[in-house]
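The questions below deal with helix packing and charged side-chain pairs. Please keep the sequence and the model at hand while reading.

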Amino acid sequence: MNAYKTNHVFYICVLALSILVTFSSLCVSVEELRSVLSGIGCGGVASIIIAWIIDVMNCKNRKVLNDNVLNQIFQQFDLSVQYEMRTVIEECALRNPSIDTEKDYTLGEIKRIVENEDGSIDDWKRHYHNLGVAFSTVDPSVILSYDPSEKHAELYTSILQGHISHNSYSTIMSMGAINACAEDGSTLEYNMLCFDIENMDRIFNIRGKSFDLKRV
């Protein structure tokens with residue numbers, strides 16, 4: 001649900017009521033009462049139409065402003081993710097020459113490529129750390145501060161998940177328990193990197209944006 005959206009049903013109902021009052025004045029035989037009802041009805045119709053137009057324009061302008069602000073909030077996040085995913089593809093291509101580095105991969109395709117790689121490669125630690133830096137460029141509380149809509153609530157949740165994931169990783173590292181968390185020869189960073197890519201894909205989809213790998 002959009003927090004800034006014109007309630008067309010409300011305006012239609014009020015407009016219909018004003019029109020009903022206008023026509024009902026024709027059925028009144030008392031001249032003074034007829035004039036009062038006619039004035040109320042006609043004045044109400046005009047006022048409602050004007051208010052409706054103003055509301056539509058305000059909501060439209062607010063949406064444009066919100067989109068611009070959201071783009072600014074995610075600008076550094078987008079650049080960091082795109083740069084890091086380009087690095088991931090190029091390094092995977094060094095190990096697997098069949099990977100075309102000139103292709104404009106989606107985040108879903110990059111995730112599948114990563115999942116086919118050896119999970120014990122040390123490079124995953126660096127990639128996961130860099131994506132943590134990308135998540136840190138967005139303050140999830142800011143997303144809801146100016147538009148408490150369903151879209152922004154979903155973005156808030158996804159960004160918050162990224163923060164929690166990397167904060168948990170930092171805690172594990174500080175405890176020296178990183179090796180105890182590795183399973184089946186796959187590093188913890190590799191598993192969490194796959195989760196990060198899936199989460200980032202969700203963030204781009206919520207924002208209605210396509211991931212452009214060639215942009216960087």
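A salt bridge here is a side-chain nitrogen of Lys or Arg within 4 Å of a carboxyl oxygen of Asp or Glu. This is a predicted model, in which local features need pLDDT of at least 70 and side-chain atom pairs count only at pLDDT 80 or more, while totals for chains, interfaces and linings use all residues. Residues are numbered from 1 along each chain as its sequence is written, and side-chain values use heavy atoms, with hydrogens and water left out.

Q: How many salt bridges does a search of the whole structure find?
A: Side chains of opposite charge can pair when their charged atoms come close. A search of the whole structure for such pairs finds a total of eight salt bridges.

Q: Which parts, 129 residues apart in sequence, does the pair of Arg207 and Asp78 tie together?
A: The side chains of Arg207 and Asp78 meet in a salt bridge, at 2.8 Å from N to O. Arg207 is buried at 8% relative accessible area, and Asp78 is buried at 7% (buried means under 20%, exposed over 50%, and partly exposed in between, with a 1.4 Å probe and protein chains only). Helices are DSSP runs of H or I with at least four residues, and strands are runs of E with at least two, numbered from the N terminus. Because Arg207 lies just beyond one helix and Asp78 within another, the parts tied together are the segment after α8 and helix α3 (residues 75-95).

Q: Is α4 roughly parallel or roughly antiparallel to α8?
A: The axes of α4 (residues 107-115) and α8 (residues 188-206) come within 9 Å and cross at roughly 170 degrees; axes are lines fitted to C-alpha atoms, for helices over the stretch in contact, and angles run from 0 to 180 degrees between N-to-C directions. Angles under 35 degrees count as roughly parallel, over 145 as roughly antiparallel, 65 to 115 as roughly perpendicular and the rest as oblique. The crossing angle therefore makes α4, relative to α8, roughly antiparallel.

Q: Which residue forms a salt bridge with Lys103?
A: Lys103 is partly exposed, with a relative accessible area of 38%, and its partner is also partly exposed, at 23%. The closest N and O atoms of the pair are 3.7 Å apart, and the partner is Glu109.

Q: How far apart are the end C-alpha atoms of α8?
A: The expected span of a helix is 1.5 Å times one less than its number of residues. The 19 residues of α8 should therefore span 27 Å, and the distance between the end C-alpha atoms agrees, at 27 Å.
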